Amino acid sequence: MKKDKFGQARILSPEELDQLIAAIPYSHHKVLAILLRYSGCRCTEAAKSKWKNYSSDFLLLPKPDTKTDTSRSIPINNKLKLELDLWKEHSKPLNDDEYIFKGRFANSHLRRQSFDKAIRKYSPFKDVSTHTFRRSVLTAMKRAGVPLDVIRSISGHADIKTLELYLGIDSVEQFAAVNVL
């Protein structure tokens, strides 16, 4: 668990992520939370996204905006597509070069710190952070049986070993493992 910016972010179940999102008033914070819930990407990568990089099938995270300095495409599921399309209607961008999640100042994107402050304010759970979404989503994929190399391709981790550090293991999985014997 993360405390005072040390340790690992808390992992929430998909249902708990949905509760957290439901608690956030409709805003760029809520839509960013939805994007993180259905993509598993890093908060800063998502916050820097522009409309020109969004299509009904993929969200392109360009090389300069990623931690690993490599571009990647995140597949868009139907729930996320619906939310992003509604957000586009609501936010009325003047052109596709605008950020999906605008910041306070002209031509700026929403900052991770602003999003972190919002989710901590509205969350019904203690000890959540921006990274809670990433760890929770990637762990949910693993628990659903998605192969690690597929999860890695979505998450943008350089290798499987680094990805494995993100994935939570719970007592149910441990008991299932020893009961195989």
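A disulfide is a pair of cysteine sulfur atoms within 2.5 Å. By that yardstick, this predicted model comes up empty: the structure holds zero disulfides. The sulfur of Cys 43 has its closest cysteine sulfur in Cys 41, at 8.4 Å, and that is too far for a bond. Looking from the other end gives the matching result, since the closest cysteine sulfur to that of Cys 41 is the one in Cys 43, again 8.4 Å away. Unpaired as they are, both cysteines sit out of reach of the probe for the most part: Cys 41 is buried at 2% relative accessibility, and Cys 43 is buried too, with a relative accessible area of 6%.

Both cysteines also turn up around Leu 36. With neighbours within four places in sequence set aside, Leu 36 is in contact with Cys 41, Arg 42, Cys 43, Ala 46, Phe 115, Phe 133 and Val 137. Leu 36 belongs to the largest nonpolar core, a set of 41 residues, and is among those with the most contacts inside it, along with Leu 20, Leu 32, Ile 100, Phe 101, Phe 115 and Phe 133. Helix 2 (residues 28-37) supplies the largest share of this core, six residues. As background, nonpolar side chains in soluble globular proteins tend to be buried together.

Leu 20, one of those well-connected core residues, leads on to Ser 123, which sits in the loop between helix 5 (112-122) and helix 6. Ser 123 is buried, its relative accessible area being 12%. Once residues up to four places away in sequence are left out, Ser 123 touches Leu 20 and Val 128. Its side chain also has a polar atom 3.0 Å from the backbone nitrogen of Phe 125. Pro 124 comes into the picture through Glu 16: their C-alpha atoms are separated by 9.0 Å, although the two residues are 108 residues apart along the chain. Glu 16 itself lies in helix 1 (residues 14-23) and counts as partly exposed, at 24% relative accessibility.

Turning to the strands, strand 1 (residues 58-61) and strand 2 run antiparallel and are joined by four bridges. The side chains of strand 1 alternate: Leu 59 and Leu 61 point to one face and are buried, whereas Phe 58 and Leu 60 point to the other face and are not. Strand 2 (residues 72-75) has two faces as well, a covered one with Arg 72 and Ile 74 and an uncovered one with Ser 73 and Pro 75. The bridge pairing lines these patterns up nicely. Leu 59 has Ile 74 as its bridge partner in strand 2, while Leu 61 is partnered there by Arg 72.

Strand 2 is also one of the places where helix 7 packs. In helix 7 (residues 148-155), the buried residues are Ile 151, Ile 154 and Ser 155. They cover an arc of only 90° around the axis, so they end up on the same side of helix 7. What do these buried residues pack against? Their partners are strand 2, helix 6 (130-143) and helix 8 (160-166). Just after helix 7 comes Gly 156, whose phi is positive, at about 85°.

Note on methods
Residues numbered from 1 in each chain as written. Predicted model: local features only at pLDDT ≥ 70, side-chain atom pairs only at ≥ 80, totals over all residues. Heavy atoms only, no water. Buried < 20%, exposed > 50% of the residue type's maximum accessible area, 1.4 Å probe, protein only. Pairing = 2+ DSSP bridges. Arc of directions from axis to C-beta. Contact = heavy atoms within 4.5 Å. Polar contact = N/O pair within 3.5 Å; in protein donor to acceptor, adjacent residues only side chain to side chain. Core = buried A, V, L, I, M, F, W, Y, C linked by side-chain atoms within 4.5 Å.
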